[in-house]
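Please open the model in your viewer and keep the sequence at hand, since each stop on this tour begins with a selection.

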Amino acid sequence: MLRWHEEKKPEDVVNPIADFRLTLATQLKPGLKDPWWSVLFELEDTSLDDLIRAVDAREDLKGSLFVPSLYGKEDREATPRLQYPTVYAKEVLIREANDRNNELGVNRIVLGTIAPPGVIDFGAETLAAGLPEIEVPDGTVVTAVIDNGIAFAHELFRTAQLDKSRVAACWIMDAPPDPALALAVPQGRALTGGEIDGMLATNMMAGLLDEDRFYRDAGLIDYAVPGFKPAALRVSHGTHVMGIAAGYVPGQIDETRPIVCVQLPTEVTMDVTGADLSPLLGLAIQFIKKQVRRFRFSGDPGRRVPLVVNFSYGNFAGPHDGTGVVERMIDRKLRPNAPYERQVTLPAGNGNLARAHAEIRFRNEGDVAELDWRIQPDDLSASYVEIWLPYRENPADMVEVRVTPAGGPQSDPVVTSPGSAHDLLSGQNSIVGRLWYAFQPHPTRRGLVTISALPTYSHDDPATVAPAGVWKIEIKNRSLTETEPVRVWIRRDETLPGFPHFGRQSYFDNDCYVRFDAIGAPLPTDPPGSDCVVRRSGTLSGFACGERPSVLAGFVEATGELADYSAAGPITAAFNEVNPNRTGPDAAAVSDDTPVLRGVLSAGSRSGSLVALNGTSVAAPQAARWIAGRLAAGQSGDRVAVNAWGAAEDGNFVPPPKPALPRVGGGRTLRAVRFGPDRKA
């Protein structure tokens, strides 16, 4: 039976999911001996150096913090109002930082993953030291891709000299460390362009690259190292995405489109809840920024080379108002300000039909809304529901929430007051989850009720699992008006295509939700006049609600219609200084050729191959490629430009008419991008 950590009172914990995951790891992995975790800290009006000194000053916290070498002296001394460093920390520090009243200057945290033994390089020198500048011609734009399974030796990423790569730096986060390499990174290994060229030359024979041997030498596909190898498959997400964003026929555009890529660990990508990848995303962005600073125009070394970053990941959860940690981190770390021109592209998400979002408006005090949360069997991942309350200066006494696990007793109510929490029990009276209220601090300033459920299957401890089936969620109104909606999201946790079985997506299974039209086709929008609380609107990815990134929906080229899965706005209005002014995506790009021929063509995992993938993940890099062309010509590539691009291209369409703005943004584009040895973009 799970025994919850009780040193902190519930009202003191800022992030209940982090607390839940710490306890889950302790109970389900008893062999772990005080592991290191990656953690994203939100620091308010304090520097990283201040945090280090505060930790060192306490005997109980000494030795519990490691700050990666990616953060140099300037980074550690900086004191912006909010900053988002990623560190490695022990459990004692994480619990202290998760205390609302901590004295470390930590505003809130996002808990990442447990670092495998031996993966952290505690002796790595600061990255900025001793790296040569890279001279490039006028019109150069750096394209950065953060993804997984990037076969970066593909010929579309090489020059006319096939033993020369356009990849200026590549960080493989889950590769075995190699201290002989030039780039110091806190985990895995990073390769410079020169090191990649050397490996290409070593593994080249008669003009052909032995790609299997190259990737073994690079640490990308080494079967002596345990774990799944996505880049070994015929289709890999990262290769396909980078092919769209930055793939060119060798010799076509060699010098002016250098690439920086970061491969997130495969285990992190497998857990698609988003909570795990956020800290490593922070490190990826820090690495990219350090690398791009090395580029200098040969004729004007004082002018900075522009950067466009594509991150084709999504998440269902979060506040959806632009104030989440990931959204704020992307907005701040990659903001375009002189002399830096930086743009970011993100997918709208594929959750339009996932039944993972509900919106509840109460008319009267005492009204009760019910949600049938179906948790699937054979789910190796924990499941979460987030109930986000509206903004109020005084958030007390808004609602009360009860949960009835499948086959178990109904919980006592959790109310919107500090300290309100209850364990969830199975029919056998064992703890299978938790129900918890916590107020989310500045800049969100909203109440959050979290429901956490254990996996429904475990290879290690079959006795410690949650029951599959329908869990009843009851939300009773205590003081809300009809203009104060409660918004509910299920966190994403399904297994990605091609990956080993891990998670199975839970969903809302209310009878009122109409899935199909009269002829059996999926309904892509909520039926007119529907009062069902389970909604398709408002399903925009939780990562895509920030102010600055360009967000792309996906549409079917043959019909001009939005893809059924393409997620929609609007987002939740923010009641503070964050004002993204976003109704949904900024534009749409092709994500499917036809309703039958799903996906668009791009690079396969080996040179000479083309494969099809679909989803808004393949729409976003089309915008990244377009933005790079704009920046190279000295034009704007921001959200406004992307929105106008979509609106202008939409005029080329015949019926069907353009969908509503919350789904499509500015419009639809005709620029379906195809690549291959015999084609040009």
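In this predicted model, begin by selecting Gly-219, which follows helix H6 and has a positive phi, near 90 degrees. Step back from there into H6 itself, residues 211-218, and colour its buried residues, which are Glu-211, Phe-214, Tyr-215 and Ala-218. Looking down the axis of H6, you will find these buried residues within an arc of 90 degrees, so they line one face of the helix. Residues three or four places apart in an α-helix point the same way, because there are 3.6 residues a turn. To see what covers the buried residues of H6, add the surrounding elements, among them strands S8 (167-172), S9 (189-192) and S11 (208-209), together with helix H5 (193-202).

Next, select strand S24, residues 469-477, and strand S17, residues 368-375, which pair in the antiparallel sense over eight bridges; within this pairing, Asp-372 has Lys-472 of S24 as its bridge partner. Strand S19, residues 399-404, also runs antiparallel to S24 and is joined to it by six bridges, and here Arg-402 stands opposite Glu-474 of S24.

Where should you look for enclosed space? The whole structure holds seven cavities of 30 Å³ or more, and the largest has a volume of about 430 Å³. Select Asn-15, Val-110, Gly-318, Glu-386 and Arg-491, the closest to its centre of the 29 residues that line this largest cavity. Then show helices H1 (16-28) and H10 (325-333) with strands S5 (106-114) and S18 (383-388), each of which supplies at least two residues of that lining. Coloured by type, the residues of the lining divide into 15 nonpolar, nine polar and five charged.

Key
Residues are numbered from 1 along each chain as its sequence is written. This is a predicted model: local features need pLDDT of at least 70, side-chain atom pairs count only at pLDDT 80 or more; totals for chains, interfaces and linings use all residues. Side-chain values use heavy atoms; hydrogens and water are left out. Two strands pair if DSSP finds at least two bridges between them. Helices (H or I, at least four residues) and strands (E, at least two) are DSSP runs, numbered from the N terminus. Buried means under 20% relative accessible area, exposed over 50%, partly exposed in between (1.4 Å probe, protein chains only). The arc is that of the directions from the helix axis to the C-beta atoms. Contact means heavy atoms within 4.5 Å. On a 1 Å grid over the protein atoms alone, a cavity is a set of points where a 1.4 Å probe fits but cannot get out, and a pocket is an open set with protein on both sides within 12 Å along at least five of seven lines; lining residues have an atom within 4 Å of a point. Grid points are joined across faces, edges and corners, and a volume is the space filled by probe spheres set on the points. Ala, Val, Leu, Ile, Met, Phe, Trp, Tyr, Cys and Pro count as nonpolar, Asp, Glu, Lys and Arg as charged, and the others, Gly among them, as polar.
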